[in-house]
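Work through the exercises below with the sequence and the model open. Each task is followed by a solution in steps.

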Amino acid sequence: MSSSSTDVKEEIKKTVQLIITNLNVKPSECVLKNYDAITKNAVSILLKIFPELSDDVNALISKFTEIQENIKKLVGTTDIGEYADSILSIFAVYRVNPGIYAAFTALQAAEAMKMCGDADAKFFVARTILAGALPYELYVLLIDYLGMDRTFPVTLFKALLETTK
């Protein structure tokens, strides 16, 4: 392990706490009953707001259905590893952009508020937070674990972006 192994362990503890917090957020009966409508409305709104993302969103619609089924299966789980694996699989296995997924789940939260009530949005907001937090935590922890300077991947990414000009 790198010299920053203590920092890595502390970051892991924070990530575990974030996951535990999310494990405790359960969907209401109203959310479960209206899950499909909430999801369809969120996709429709996302396409309406960002028509320029229609190719990306349309390519993901079939994945969203499968992903949402997997997310629903997580309700009631208490296994932190299983939960993190399932959430990160959205991005790694299904190759879903975390930003698009976060926007989607935020729109699900808005739809849940309309259909069910303000408190019902918490289930989706929790997923929105994880959509941003877990890929970020994975990235930072990997960089720290490998003992790399955190600016190196950013510099590399910027250089790769420059090659598309």
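## Exercise 1: Helix H5

Task: List the buried residues of H5, then describe the span and the two ends of the helix.

Solution. The buried residues of H5 are Ile100, Tyr101, Ala102, Phe104, Thr105, Leu107, Gln108, Ala109, Glu111 and Ala112. These values, like the others below, are computed from a predicted model.

Step 1, the span. H5 covers residues 98-115, which is 18 residues. From first to last C-alpha the helix reaches 25 Å, close to the 26 Å expected at 1.5 Å a residue.

Step 2, the start. A side-chain oxygen of Asn97 comes within 2.6 Å of the backbone nitrogen of Gly99.

Step 3, what follows. After H5 comes Gly117, with a positive phi near 145 degrees.

Step 4, a charged pair in the helix. Glu111 and Lys114 form a salt bridge, with the closest N and O atoms 2.7 Å apart. The two residues are 3 apart in H5, so about one helical turn separates them. Glu111 is buried at 4% relative accessibility, whereas Lys114 is exposed at 63%.

## Exercise 2: The fold as a whole

Task: State how many helices and strands the protein chain has, and how much of the chain is buried.

Solution. Step 1. The protein chain has 7 helices and 0 strands. Read from the N terminus, the order is α-α-α-α-α-α-α.

Step 2. Of the 165 residues, 39% are buried, where buried means under 20% relative accessible area.

Step 3. Along the principal axes, the C-alpha atoms fill a box of roughly 50 × 45 × 25 Å.

## Exercise 3: The disulfide

Task: Find which cysteines form a disulfide, and state which parts of the chain the pair ties together.

Solution. Step 1. The count is 1 disulfide. The partners are Cys30 and Cys116, with sulfur atoms 2.1 Å apart.

Step 2. Cys30 lies in helix H2 (residues 29-49) and Cys116 in the loop between H5 and H6, so the link ties together parts 86 residues apart in sequence.

Step 3. The angle about the S-S bond is -85 degrees, which makes the link of Cys30 and Cys116 left-handed.

Step 4. Cys30 is partly exposed at 25% relative accessibility, and Cys116 is partly exposed at 23%.

## Exercise 4: Helix H4 and the loop after it

Task: Identify the residue that caps the N-terminal end of H4, and give the phi of Arg95.

Solution. Step 1. H4 (residues 80-92) has 13 residues and reaches 18 Å between its first and last C-alpha, close to the 18 Å expected.

Step 2. The cap is Asp79, with a side-chain oxygen 3.0 Å from the backbone nitrogen of Gly81.

Step 3. The buried residues of H4 include Tyr83, Ile87, Ile90 and Phe91.

Step 4. Arg95 sits in the loop between H4 and H5. Its phi is near 55 degrees, a positive value in a residue other than glycine. Arg95 is exposed, with 66% relative accessible area.

## Exercise 5: The other salt bridges

Task: The structure holds 3 salt bridges; describe the one that involves Glu10 and the one that involves Asp144.

Solution. Step 1. Glu10 pairs with Lys13 at 3.5 Å, N to O. Both are in helix H1 (residues 5-23), 3 residues apart, or about one helical turn. Glu10 is partly exposed at 40% and Lys13 is exposed at 55%.

Step 2. Asp144 pairs with Arg150, the closest N and O atoms being 2.4 Å apart. Asp144 is in helix H6 and is buried at 8% relative accessibility, while Arg150 is partly exposed at 39%.

## Exercise 6: A nonpolar surface patch

Task: Name the residues of the nonpolar patch on the surface, and say which element gives the largest share.

Solution. Step 1. The patch consists of Leu142, Tyr145, Leu146, Met148, Phe152, Leu156 and Leu160, together about 670 Å² of accessible area.

Step 2. Helices H6 (122-145) and H7 (151-162) are the elements that give two or more residues to the patch. The largest share, 3 residues, comes from H7.

Step 3. Met148 is located in the loop between H6 and H7 and is partly exposed, with a relative accessible area of 30%.

Key. Residues are numbered from 1 along each chain as its sequence is written. This is a predicted model: local features need pLDDT of at least 70, side-chain atom pairs count only at pLDDT 80 or more; totals for chains, interfaces and linings use all residues. Side-chain values use heavy atoms; hydrogens and water are left out. Patches are made of residues with over 30% relative accessible area and no salt bridge: like charges are joined within 9 Å, nonpolar side chains (Val, Leu, Ile, Met, Phe, Trp, Tyr) within 5 Å. Accessible areas come from the Shrake-Rupley method with a 1.4 Å probe; for residues, only the protein chains shown count as cover. A salt bridge is a side-chain nitrogen of Lys or Arg within 4 Å of a carboxyl oxygen of Asp or Glu. Helices (H or I, at least four residues) and strands (E, at least two) are DSSP runs, numbered from the N terminus. Buried means under 20% relative accessible area, exposed over 50%, partly exposed in between (1.4 Å probe, protein chains only). The expected span of a helix is 1.5 Å times one less than its number of residues. A polar contact is a pair of N or O atoms within 3.5 Å; within protein, one must be able to donate a hydrogen and the other to accept it, and residues adjacent in sequence count only if both atoms are side-chain atoms. A disulfide is a pair of cysteine sulfur atoms within 2.5 Å.
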